[in-house]
Amino acid sequence: YKFLRTVTVMENKGVYLLNSPLNALSIILNSRDFESASALLSLYSSIFSYELSYNRCKYLAFTISRGVLSFSKEKRVWQIEQLHRVIKVSPDLADLFFEGMDKGLHLLSQKALFHFVLSALTKFEQNSKLGAKFLALESKLGIDTYEGMCVTAPLVQIQDRLNRYLGARIITLFVRSISELPELHLKNIDVIPMVCSDGKYIYLPDEIDIFDSKEKNFALYRFLVGLEAGYYEFNTFDFDLDKIGEYPESLYVLNPEIQNGVFDFELFFSSFPLPELAADLFLIFEHGRLKVLLSNRYPGLYKQTLTILQQAGRKILKNGDGTDVVFLLYAWIALDLYPDQLSLEYKISAKRLSLIPELFENKIKKCQNVEICAELVIETYRLMGKIVRETSGKKISKPDYVPINLPFGRRLRPELFFISHGEEEKIANRIKLIIEKKGYKVYKSEIRKHLMDNKGHLSLDKIEKIIISYAENHQGDKRTDQTRITGLSEF
């Protein structure tokens, strides 16, 4: 009914009006943003009820439609509502509203924008010129009021600083907006996180407005980059099945030639009855490992970061039902949220988990390589699977298990890394197979890392060093003191 009524209002002005508004409406509906579509219909109905000239109608139809499409989907419905408030006072304020939005009003929270528009309209009633300048952020009072209300931190204002920070940590990654995620990456992500990376870029939101001050929101950018950079600084993606001390017999039957192109993370997780549970356990231990390494190397910065993570973790626990033992284990190992800091319902569940954090602490003191996480998964999977089944009250199958929700959506995403470095992975796998046919053993991860570090080049000298490195790490394996290893000339 609202649609037909609005179209009738516009048709009364002339069918020439319909093109831009209906096109904008169609785009918003196709994005399934039905609330914004409804708000936009109300806005069109209001503005084209005014007595306006042909040129003014045509101009506003185009300007409003284009302007509304520039609003981010997450904020669009209440930004349209504030535009509607402005237009009800005077259609001439539409241009000034969009001008103010371009200069920064789009960064305001819903509550802040409401109060800013209220102030602008109050001033407009008292003095139309001063009110107009206030709304368009052309007056000092308007700018000061906006800056006092704005807590949103835009990525563009800190992006260069974050890139310099990564460079100082000698990590060859760069920061990009998460809106620039390639289509192929998006197919591997169910829900857009606040941070992710692919081995070339760290992707972050265009804006952050979680906290009540701009400084805190800018700090969150630094914390997220620091955490994500930890994967690369401490070699998470160099995970290699051949470096695991002991692993399930099912992994032995995975033929590398048949599985060519499937990365080691996926092979490892798929060897368990519930791959998603195995992946969650690995993530728990990996974030715990990174917590230990980051806190040792950057104690001051990580202490601040951990405080923010703990706040987010407590919110997740508060919104849970007290039975999500997998996240409880994550909070214990990765966030240092111990059971005695939690409510009674979590303390009861925690008793059954206590062996696992203890095992983690003992293991991580002796070895801090990423493969230790896989060994911990192997040792704890059966116990964790039993606890998950008992707390859920039913047998858990693949479709039933839901991966845990994490602070800021900060998951381990090897699939994105291998989209960027899939070619190096394939070449490393081929080289590994050829070397092994010559009677030598190597770590595929070392071959791949060298290919990545040297733009795809691999020298015979380096191959020999990789072979010797493997031998030196395996007592009793075939060793060589040769300066040249025969049989590798085909390289």
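How many salt bridges does the count come to? The count comes to 22 salt bridges, taking a side-chain nitrogen of Lys or Arg within 4 Å of a carboxyl oxygen of Asp or Glu as the rule. The model on the screen is a predicted one, and the tour below visits several of these pairs after a look at the chain, its sheet and a patch on its surface.

**The whole chain**

Begin with everything selected and coloured by secondary structure, which comes to 23 helices and five strands. Of the 491 residues in the chain, 51% are buried, and the area that the chain exposes is about 24,700 Å², with carbon and sulfur atoms supplying 52% of it. If you then display contacts with a separation of 6 or more, 71% of them are accounted for by residues 24 or more positions apart.

**The surface patch**

Next select Phe3, Leu4 and Leu22, which together make a nonpolar surface patch of about 270 Å². Phe3 has its place in helix H1, residues 2–13, and it counts as partly exposed because its relative accessibility is 38%, a value between the 20% limit for buried and the 50% limit for exposed.

**The sheet and its helices**

Move on to residues 174–177, 196–197 and 201–204, which are strands E2 and E3 and strand E4. These three strands form an open sheet in the order E2-E4-E3, with mixed pairing; E2 and E3 are the edge strands, each pairing on one side only. Strands of a sheet pair through backbone hydrogen bonds, either parallel or antiparallel. Between E2 and E4, which run parallel, there are four bridges, and Ser177 can be picked out standing opposite Leu204 in E4.

Now add helix H10, residues 159–168, which packs on the sheet and touches E2 and E4, its direction making about 150° with that of E2. Helix H12, residues 214–233, should be shown as well, since it lies across E2, E3 and E4 and runs at about 145° to E4.

**Three salt bridges**

Side chains of opposite charge can pair when their charged atoms come close. Select Asp336 and Lys291, whose side chains meet in a salt bridge with an N to O distance of 2.7 Å. Asp336 sits in the loop between helix H16 (325–334) and helix H17 (344–353), while Lys291 belongs to helix H14 (residues 275–297), so that the pair links distant parts of the chain, 45 residues apart. Is Lys291 buried or exposed? Lys291 is buried, because its relative accessible area is 7%, which falls under the 20% limit.

Then go to Lys363 and Glu375, a salt bridge in which the closest N and O atoms are 3.8 Å apart. Lys363 is found in helix H18 (residues 355–366) and Glu375 in helix H19 (residues 371–392), with their positions 12 residues apart in the pair's spacing along the chain; both Lys363 and Glu375 are buried.

The third pair to select is Arg448 and Glu425, with the closest N and O atoms 2.7 Å apart. Because Arg448 lies in helix H22 (residues 444–453) and Glu425 in helix H21 (residues 422–437), the pair ties together parts that are 23 residues apart in sequence. Arg448 is buried, and Glu425 is buried too.

**The last stop**

Keep Arg448 and Glu425 on display and add Asp238, Asp264, Lys444 and Lys449, for these residues are linked with them in a network of salt bridges.

Definitions and conventions. Residues numbered from 1 in each chain as written. Predicted model: local features only at pLDDT ≥ 70, side-chain atom pairs only at ≥ 80, totals over all residues. Heavy atoms only, no water. Patch = residues over 30% accessible without salt bridge, like charges linked within 9 Å, V, L, I, M, F, W, Y side chains within 5 Å. Areas by Shrake-Rupley, 256 points an atom, 1.4 Å probe, with all protein chains shown as cover. Helix = DSSP H or I, 4+ residues; strand = E, 2+ residues; numbered from the N terminus. Buried < 20%, exposed > 50% of the residue type's maximum accessible area, 1.4 Å probe, protein only. Pairing = 2+ DSSP bridges. Contact = heavy atoms within 4.5 Å. Axes fitted to C-alpha atoms, helices over the stretch in contact; angles between N-to-C directions.
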